[in-house]
Amino acid sequence: QLQLVESGGGLVQAGGSLRLSCSASGSTFTSYAMGWFRQAPGKEREFVAGISWSGGNTYYADSVKGRFTISRDNAKNTVNLQMNSLKPEDTAVYYCAAPESYSGRYYYVSSDKYKYWGQGTQVTVSS
């Protein structure tokens, strides 16, 4: 079983930056592609970014492309989300997630494809 714990959320002004981290344990980290999702109040959970097990492939939602960067450090069992040029509409709870090991793909955008989830971290962007 893979356990995921996010950190790094907080309050930031529009135009600012935040870096989220997700620490993984309990299973072989390199067996998994990884993803970040977010959920704003009253809205469905939406895909933000995904990364392959090696880190060599990434995929982004159009809404964050060019502003957010996903990366991973397999030696430290962590996946990160660098968020720049933040906007008020980026306000949400951000979740780290992993699909089924080996067969899961970094470009999965549906939350139904993800088996493991962290508890989430709040990001609030003020205008």
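The following questions and answers go through parts of this predicted model.

Colleague: What should a reader know about the numbering and the values?
Modeller: Residues are numbered from 1 along each chain as its sequence is written, and side-chain values use heavy atoms, with hydrogens and water left out. Because the model is predicted, local features need pLDDT of at least 70 and side-chain atom pairs count only at pLDDT 80 or more, while totals for chains, interfaces and linings use all residues.

Colleague: How many salt bridges are there?
Modeller: A salt bridge is a side-chain nitrogen of Lys or Arg within 4 Å of a carboxyl oxygen of Asp or Glu. Side chains of opposite charge can pair when their charged atoms come close. Under this rule the count is five.

Colleague: How far apart in sequence are the parts that Asp90 and Arg38 tie together?
Modeller: Asp90 and Arg38 form a salt bridge, with N and O 2.9 Å apart. Strands (E) are DSSP runs of at least two residues and helices (H or I) are runs of at least four, numbered from the N terminus. Asp90 lies in the loop between strand E8 (78-83) and strand E9 (92-99) and Arg38 lies in strand E4 (residues 34-39), so the parts that they tie together are apart in sequence by 52 residues.

Colleague: Is Asp90 buried or exposed?
Modeller: Buried means under 20% relative accessible area, exposed means over 50%, and partly exposed is in between, with a 1.4 Å probe and protein chains only. Asp90 has a relative accessible area of 1%, so this residue counts as buried.

Colleague: Which residues are linked in a network of salt bridges?
Modeller: Asp90 also forms a salt bridge with Arg67, where the closest N and O atoms are 2.8 Å apart. Asp90 is in the loop between E8 and E9 and Arg67 is in the loop between E6 and E7, so this pair ties together parts 23 residues apart in sequence. A further salt bridge joins the side chains of Arg38 and Glu46 at 2.6 Å, N to O. The linked residues are Arg38, Glu46, Arg67 and Asp90.

Colleague: Is Glu46 buried, exposed or partly exposed?
Modeller: Its partner Arg38 has 5% relative accessibility and so counts as buried. Glu46 has 35% relative accessibility, so Glu46 counts as partly exposed.

Colleague: Which residue has its backbone oxygen 3.0 Å from a polar atom of the side chain of Arg67?
Modeller: Arg67 counts as buried because its relative accessibility is 11%. Contact means heavy atoms within 4.5 Å, and the residues that Arg67 touches, leaving out those up to four places away in sequence, include Gln82, Met83 and Leu86. The backbone oxygen in question belongs to Ser85.

Colleague: What is the bridge partner of Phe37 in E9?
Modeller: E4 is mostly covered, with five of its six residues buried. Two strands pair if DSSP finds at least two bridges between them. E4 and E9 run antiparallel and are joined by five bridges. In E9, the partner of Phe37 is Tyr95.

Colleague: Which residue takes a positive phi in the hairpin of E4 and E5?
Modeller: E4 also pairs with E5 in the antiparallel sense over five bridges, and there Trp36 has Ala49 as its bridge partner. The hairpin has six residues between the strands, and the residue with a positive phi near 75 degrees is Gly42.

Colleague: Which residues of strand E1 make up its covered face?
Modeller: In a regular strand the side chains alternate between the two faces of the sheet. In E1 (residues 3-7), the uncovered face has Gln3, Val5 and Ser7. The covered face has Leu4 and Glu6.

Colleague: What is the bridge partner of Ser7 in E3?
Modeller: E1 and strand E3 (residues 18-25) run antiparallel and are joined by five bridges. In E3, Ser7 has as its partner Ser21.

Colleague: How far apart in space are Ser127 and Leu86?
Modeller: Ser127 is in the segment after strand E11 (121-126), and counts as exposed because its relative accessibility is 89%. Beyond residues up to four places away in sequence, Ser127 touches Ala14 and Pro88. Ser127 and Leu86 are 41 residues apart in sequence, and their C-alpha to C-alpha distance is 9.8 Å.

Terms used
A polar contact is a pair of N or O atoms within 3.5 Å; within protein, one must be able to donate a hydrogen and the other to accept it, and residues adjacent in sequence count only if both atoms are side-chain atoms.
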